[in-house]
Amino acid sequence: MSESLFGDESPDCPQCGAQEPRPILYGIASEEMVTAARLGHIVLGSEDATDARRLWQCRGLECNYRF
Ligand SMILES: [Zn+2]
């Protein structure tokens with residue numbers, strides 16, 4: 001249903017098992033990225049890429065687990 005912006009298979013959340021976590025994007029956000037983040041399609045990470053090991057954020061409202 002949700003076409004991935006990035007074409008990768010998204011893993012299930014290891015914490016709660018929810019599917020289709022939001023990808024976390026690092027670096028300077030483009031206008032498109034900011035819009036996508038507002039719409040909840042992606043999560044903006046820090047501009048500093050040192051935290052870029054976490055690639056996904058769970059959609060679960062009470063989970064929001066990053067992995
Ligand atoms: Zn979760």
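This is a short walk through one predicted model, from its overall fold to a few individual residues.

Before we begin, please note that residues are numbered from 1 along each chain as its sequence is written. Because the model is predicted, local features are taken where pLDDT is at least 70 and side-chain atom pairs count only at pLDDT 80 or more, while totals for chains, interfaces and linings use all residues.

Let me start with the overall layout. The chain has one helix and three strands, where helices (H or I, at least four residues) and strands (E, at least two) are DSSP runs numbered from the N terminus. Going along the sequence, these elements come in the pattern β-α-β-β. Of the 67 residues in the chain, 10% count as buried, and by buried I mean that 20 or more other C-beta atoms lie within 10 Å of a residue's own, with exposed meaning 12 or fewer, partly exposed meaning in between, and the C-beta atoms placed from the backbone. As for contacts, which require C-beta atoms, placed from the backbone, to lie within 7 Å, residues 24 or more positions apart account for 45% of those with a separation of 6 or more.

Now to the sheet. The three strands form an open sheet in the order 2-1-3, with mixed pairing, and two strands are said to pair if DSSP finds at least two bridges between them. The edges are strand 2 (43-44) and strand 3 (56-57), each of which pairs on one side only. Strand 1, residues 22-25, is joined to strand 3 by two bridges, and these two strands run antiparallel. Within this part of the sheet, Pro-23 stands opposite Trp-56 of strand 3.

What about helix 1, residues 31-38? The number of buried residues among its eight is zero, so helix 1 lies largely in the open. Just after helix 1 comes Gly-40, which takes a positive phi of about 85 degrees.

That brings me to backbone angles, and here a general point helps: most residues other than glycine have a negative phi. Which residue in the segment before strand 1 should we look at? It is Glu-20, whose phi is near 50 degrees, a positive value in a residue other than glycine. Glu-20 counts as partly exposed because it has 15 C-beta neighbours inside 10 Å. In the segment after strand 3 we find Asn-64, and its phi, a positive value in a residue other than glycine, is near 50 degrees. Asn-64 is partly exposed, with 15 other C-beta atoms within 10 Å.

Terms used. Contact = placed C-beta atoms within 7 Å.
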